[in-house]
Amino acid sequence: MSLPGARGAWLVDWTSGLALGAAGESPVGDHETTAAEAAELARAAAEYDSFAGIAAPTTAVVLAPRTNAATVPGTGTTAAPAASAPVVRQRTEPAPAGGGLTKGPPVEDLIVSTRSGYHVLRFVDTAFDSSVFLHIWLDRDTGNLALARLRLRDLAERLVLG
């Protein structure tokens, strides 16, 4: 809550929608309602493949020898290849089996901007199968979105759950 423009903050379990902790105001007047609604948004972002951090196919560079062998006209025989640089070819490898999910939380941040403020949700990476995120509500006029993202990232890294 020491961030400029911070109006409210929550630690939320997105599977149950419960606020594990809350401070400040709530946009709807009730911390539990805010936590449940933010959890619905977080759950949607975490469960859809478009946002889940699926690994893209990788491209490998392959060096293949160039053959400049030429057929000698009228003889049907092939002349010895001339020395030259190798050919560079690109080969695309499919994404790893099992969807290629990246390690860590399914989504890093989720930012919702409204006419009066910003809501920043930061997923917390834990040793167990975490379903926890931090949520901060900032005033649009006095809040600093970039600073809020940095502070939430640092806080999420220091947070110990267990």
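So, what does L145 touch, not counting residues up to four places away in sequence? In this predicted model, L145 touches I111, Y118, V120 and L138. You'll find L145 in helix 2, which covers residues 145-158. Is L145 buried or exposed? Neither, as it turns out: L145 is partly exposed, because its relative accessible area is 23% and buried means under 20%. One more thing about L145 before I move on: L145 and G5 are 140 residues apart in sequence, yet 9.5 Å apart in space, going from C-alpha to C-alpha.

Now, over to helix 1, and to T34, which lies there. T34 has a relative accessible area of 5%, so this one counts as buried. Who are its partners? If we leave aside the neighbours within four places in sequence, T34 is in contact with W10, S26, P27, V28 and H135.

That brings us to the nonpolar cores. The largest one has 16 residues, and the members touching the most other members are V12, W14, A42, L121, F123 and F133. Which elements give two or more residues to this core? They are strand 1 (6-13), helix 1 (31-47), strand 6 (117-123) and strand 7 (132-139). Helix 1, the home of T34, provides the largest share of this core, with six residues.

And there's another core, lying apart from that one. This other core has 13 residues, including L11, L138, A148 and A156. If you remember L138 from the start, well spotted: L138 is one of the residues that L145 touches, and L138 is also a member of this 13-residue core.

Thanks, everyone, and do have a look at the structure above.

Notes:
Residues numbered from 1 in each chain as written. Predicted model: local features only at pLDDT ≥ 70, side-chain atom pairs only at ≥ 80, totals over all residues. Heavy atoms only, no water. Core = buried A, V, L, I, M, F, W, Y, C linked by side-chain atoms within 4.5 Å. Buried < 20%, exposed > 50% of the residue type's maximum accessible area, 1.4 Å probe, protein only. Helix = DSSP H or I, 4+ residues; strand = E, 2+ residues; numbered from the N terminus. Contact = heavy atoms within 4.5 Å.
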